[in-house]
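Please read the following with the structure open beside the text, and follow each contact in the viewer as it is described.

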Amino acid sequence: MIERTIFHDIRDKKAAADIVYEDEEVMAFKDINPAAPTHLLFIPKKENDVIPSIADLTDETAHVPGLLIRTAQQFAKNRGIDGYRLTFHVGRGGGQMVFYIHLHFLSQQSL
Ligand code: AMP
């Protein structure tokens with residue numbers, strides 16, 4: 001178990017967020033402080049996939065970054081977004097503030 005974060009509450013629908021995509025494994029919602037016209041955060045939903053950071057990856061969770069990237073890629077394709085930036089902040093020194101693994105998706109194109 002990791003320390004609970006605001007993203008746990010968003011995943012569990014206990015905190016509000018502007019959710020733009022959700023399936024059984026992944027949720028995406030708008031960043032509250034966008035750094036681009038489209039700024040989304042992709043998070044894993046399954047408890048076993050939820051780790052604080054890329055720094056905590058193990059053999060058991062090695063699939064999680066790929067799951068988030070693949071979901072973001074499919075989302076972009078479906079929404080006609082053909083240019084975007086994908087980023088993981090890793091640790092406080094890497095600018096990470098929320099310790100629930102998440103993929104930043106930024107695009108100059110609006111949703
Ligand atoms: P990071 O630096 O990778 O930990 O980024 C965390 C991101 O979460 C920041 O870009 C914040 O603006 C965003 N954020 C924090 N709280 C919320 C929230 N309640 N809803 C949406 N985005 C949030």
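In this predicted model, a polar atom in the side chain of Q96 lies 2.9 Å from the backbone oxygen of P52. The side chain of Q96 also reaches the backbone nitrogen of G91, again at 2.9 Å. Q96 itself belongs to the loop that runs between β4 (85-87) and β5 (103-107), and its relative accessible area is 3%, which is why it counts as buried, the cut-off for that class being under 20%.

A second loop residue can be considered alongside it. I51 is found in the loop between β3 (38-44) and α2 (64-79), and because its relative accessibility is 9%, I51 is likewise classed as buried. For a sense of distance, one may set I51 against G93: the two are 42 residues apart in sequence, and their C-alpha atoms are separated by 18 Å in space.

From here the reader can turn to the ligand. Which residues come nearest to the ligand, out of the 16 that surround it? They are D31, G95, M97, H102 and H104, and for three of these residues a polar contact with the ligand can be described atom by atom, beginning with G95, where a polar backbone atom is 2.7 Å from an oxygen atom of the ligand. In the case of M97, a backbone N or O atom lies 2.6 Å from a ligand oxygen. With H104 the side chain takes part instead of the backbone, since one of its N or O atoms is found 2.7 Å from an oxygen atom of the ligand. How much of the ligand's surface does the protein bury? Taken alone, the ligand exposes 510 Å², and the protein buries 86% of that area.

As to its location, the ligand sits in the largest pocket. The elements that give two or more residues to the shell around the ligand are α1 (6-11) and β2 (26-30), and of the shell as a whole the largest share, 3 residues, comes from α1. What is the make-up of this shell by class? There are 8 nonpolar residues, together with 6 polar and 2 charged ones.

Returning to the starting point, the reader may now inspect two sets of contacts in turn: those made by the side chain of Q96 with the backbone oxygen of P52 and with the backbone nitrogen of G91, and those that ligand oxygen atoms make with the backbone of G95, the backbone of M97 and the side chain of H104.

Technical notes. Residues numbered from 1 in each chain as written. Predicted model: local features only at pLDDT ≥ 70, side-chain atom pairs only at ≥ 80, totals over all residues. Heavy atoms only, no water. Near = heavy atom within 4 Å. Polar contact = N/O pair within 3.5 Å; in protein donor to acceptor, adjacent residues only side chain to side chain. Areas by Shrake-Rupley, 256 points an atom, 1.4 Å probe, with all protein chains shown as cover. 1 Å grid on protein atoms, 1.4 Å probe; cavity = no way out; pocket = protein on both sides within 12 Å on 5 of 7 lines; lining within 4 Å. Sits in = over half its atoms within 2 Å of the grid points. Helix = DSSP H or I, 4+ residues; strand = E, 2+ residues; numbered from the N terminus. Nonpolar A, V, L, I, M, F, W, Y, C, P; charged D, E, K, R; others polar. Buried < 20%, exposed > 50% of the residue type's maximum accessible area, 1.4 Å probe, protein only.
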